[in-house]
Structure formats: C-alpha cells, structure tokens
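Colleague: Before I set up any calculations on this complex, could you take me closely through one part of it, the place where the nonpolar residues come together, and then follow the helices outward from there?

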Amino acid sequence: MESAISSILFYVFAAAAVLCAFGVVAFRNPVSSAMNMALCFGFTAAVYFGMGAQFLGIVQLIVYAGAILVLFLFIIMMLDIKAEEHARKSFPLACIAVIIAGIFAGFVTKVAISLPGATVGECPAIVLCESIGELAPGTIAQKAETEGFAPYGSAMPELSPAAAAKALGADEATAAAATAFPDTKLLGQSLFTKYNIPFVILSFALLAGTVGAVALGRKLRKD
Amino acid sequence: MTPLAHYLIFSGILFSIGLAGVIIRKNIIVVFMCLEMMLSAANISLVAFSRAQGVNGIPMYDAQVLALFIVAIAAAEVAIGLALIVAMFRARKSVESSALNTLKD
C-alpha cells in the first residue's frame, strides 16, 4: 500500500515538474521563467525524497531552489530586463528545436525501456511495466529477489534499514531493530572516505568560481 | 517501487525540454536557466541508477556522491555565468543572444 502511494506520487510530481519545465521555456517574462524553475526544482526534490535520497533532496532545495534561483532573480532585477518582444527567434527554428528535443527524448525512452529489467516494478497502469511476480522461478533474478539482493537487471530494490545499520558497524540486535534508513550517514561515509580527495579538489573549484565571479563583475578600467 | 525506466524517461523528458529551451529562447538568462534544468535532469538519472544498482537494500552511494559534485559545480557555474552575463550587459546594453554579432558583421 505504502509502495503504491509512493509510486502514484512519483507520477504526480514528475508530471508537475515537466509542466513547470514547459513553463520555463514558454513564459516571455524572465521572472515567470525563474519562478517556474523554482517549482520544477521543488518537484524534482520531491522525486528525490520518493527515491529515498533525502540528503540530495534537501541539497536540491537549498542549493538549486534557494541559492541559484535567488542569484538568477538578483541578476534579472539588477539588469531590469523587460519581457522579450519576440519570445521566439523564428517559427522554423522553434520547429527544429522541438524536432531535435523529440528525437532525443525518443532515444532516451527507447534505451530506458530496453535496459534489462528496467521495466520491472509496480505502477498504476499495467501496460507500463512488467509485474515483479512474472520473474521465472529458478532464475538468478528470482533467487536474488527472494534473498533481498537485487543485482543489475532486476526490480528496483527496497531500502533495508537493517542492512544499512550493519554496514555502519552496529551489532546484530541493534541492526535488526533499526527502522529509519540512515541515508545521510551512508552518503557522508562514502564522501569522506572513498571520495575525500575529489571533495577537497571540488572546494578549490568553488574558490576559483568565486574569484572568477568577482573578477568578471568588476568595472573594466578605461585604458 | 516504480520501475527504473520511468525515472530515466522522466529525466530524459526534462533534459530535452531544457535542450529545446536552449535552442529556442533568445534571452541569455533564460537559456542559462534551461542549462541548469538539464544538469538537474542528469542528476535524477544518477540517483535512479544508484537505487537500481543497490546491493542488499543499500543504494550505490558512488552515484549520489557524483550527483552532489554536480550540484556544487552547477553552483560555481551559475556564479561565473551570471558574472559573464552582467559583463555582457555592460558592454552591449542587452541580454539577447542576437546582440552578440561582432564576428558575424
């Protein structure tokens, strides 16, 4: 039941995000575009929460919908930009853009559907996905399903708080009693051990970005 | 759980709307917003794969770390890009992409 609700919520939020993305492209006024972008990022964050990636959802809200959007609005208001008189460059160009985007979306859909096992799962419309129960008995995928181990090519596995607690070093009894999934802890463990050096290098990229923005934002000297 | 393919299709649709926006729109600030949307669409498929590749009920956190790095890079990119747009506005008094035609004429 819980899974069915989360599955329906995914379709609701995904549809809302796609609508807001259309709004970003369609509105003439840049401020309306920016507001639609904020909504789009908010719905994307909701999709992250549905996937169990709470930390990334929060980061999406704070960094994209908070920081980046405010920066955009600052610049739009500072430069005092009027709505475009001709929102589209020309009709043929718009047609070409829609065709290119359509071909791209078609390819992505084709590749996503033909990935092994990618359509296994539950969803409101039966046509859209294969049911989990259809895994042939005795196959590797079915054996993995029953043992709670989902290798590539099987349905998206449920999160297991007990396994996560064990991975973080809890003893058997504590792990069995765990109910919440420690998403942030596991992400931090990966970030600060395996990816520590890239993380430090990234801070230099941010520093370079800040210095570059200040250097570009200065008034040019007249000599 | 929703099948992996649907997350990937959602991310693909968001990416292609962003791509269409980059081609259609004239206002460079809106073009830049569409670029941000494309980055965030790529993040969705990374997180979906991290769930699908999970072993023993624990997602592959490598993909989520990469998504976190992309968010940080996007923040740095926006800072520099908007500074460039301000510099362009000072030089041309416009943020339309058609104003950048020095090499054409």
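**The nonpolar core and the helices around it**

Modeller: In this predicted model, the largest nonpolar core holds 75 residues, and the members that touch the most others are B:Leu14, B:Ile29, B:Met33 and B:Val47. The core draws on both chains, since at least two residues each come from H1, H2, H3 and H4 of chain A and from H1, helix H2 (28-52) and helix H3 (61-92) of chain B. Of these contributors, H2(B) gives the most, with 14 residues. B:Met33 shows how the two chains meet here: once its neighbours within four places in sequence are set aside, B:Met33 is in contact with A:Val24, A:Ser33, A:Ala34, A:Met37 and A:Phe72.

As for how far the prediction can be relied upon, the predictor gives the complex an ipTM of 0.92 and a pTM of 0.86. For chain B the mean pLDDT is 89, with 100% of the residues reaching 70 or more.

Turning to the contact between the chains, 85 residues of chain A and 64 residues of chain B take part. On the side of chain A that touches chain B, at least two residues each are supplied by helix H1 (2-26), helix H2 (30-51), helix H3 (54-79), helix H4 (91-114), helix H6 (161-167), helix H8 (183-193) and helix H9 (196-217). H4(A) gives the most to that side, with twelve residues. Sorted by class, the same side of chain A has 65 nonpolar, 15 polar and five charged residues.

It helps to set this against chain A as a whole, whose secondary structure comes to nine helices and zero strands. Buried residues make up 26% of the 223 residues in chain A. Among the contacts in chain A with a separation of 6 or more, 43% are between residues 24 or more positions apart.

H4(A) itself can be checked for regularity: its 24 residues, at 1.5 Å a residue, should span 34 Å, and because its end C-alpha atoms are 35 Å apart, the two values agree. Its buried residues are A:Ala97, A:Ala101, A:Val108 and A:Ala112, and they pack against helix H1 (4-24) of chain B. As a general point, an α-helix has 3.6 residues a turn, so residues three or four places apart point the same way.

On the chain B side, H3(B) passes the same kind of check, because its 32 residues at 1.5 Å each should span 46 Å and its end C-alpha atoms are 46 Å apart, which agrees. The buried residues of H3(B) include B:Tyr61, B:Gln64, B:Val65, B:Leu68, B:Val78, B:Gly81, B:Leu82 and B:Ile85, along with several alanines such as B:Ala63 and B:Ala74. The buried residues of this helix pack against H3, H8 and H9 of chain A as well as H2 of chain B, and H2(B) is the helix that gives the most to the core described at the start.

H3(B) is followed by B:Lys93, which lies in the segment after that helix. The phi of B:Lys93 is near 60 degrees, a positive value in a residue other than glycine. B:Lys93 counts as exposed because it has 9 C-beta neighbours inside 10 Å, whereas B:Ile85, in the helix before it, is buried.

Definitions and conventions: Residues are numbered from 1 along each chain as its sequence is written. Chains are lettered from A and ligands numbered from 1 in the order in which they are written. This is a predicted model: local features need pLDDT of at least 70, side-chain atom pairs count only at pLDDT 80 or more; totals for chains, interfaces and linings use all residues. Two residues are in contact if their C-beta atoms, placed from the backbone, lie within 7 Å. Helices (H or I, at least four residues) and strands (E, at least two) are DSSP runs, numbered from the N terminus. Ala, Val, Leu, Ile, Met, Phe, Trp, Tyr, Cys and Pro count as nonpolar, Asp, Glu, Lys and Arg as charged, and the others, Gly among them, as polar. A residue is buried if 20 or more other C-beta atoms lie within 10 Å of its own, exposed if 12 or fewer, and partly exposed in between; C-beta atoms are placed from the backbone. The expected span of a helix is 1.5 Å times one less than its number of residues. pLDDT is the predictor's confidence in each residue, from 0 to 100. A nonpolar core is a set of buried Ala, Val, Leu, Ile, Met, Phe, Trp, Tyr and Cys residues joined through C-beta atoms within 7 Å.
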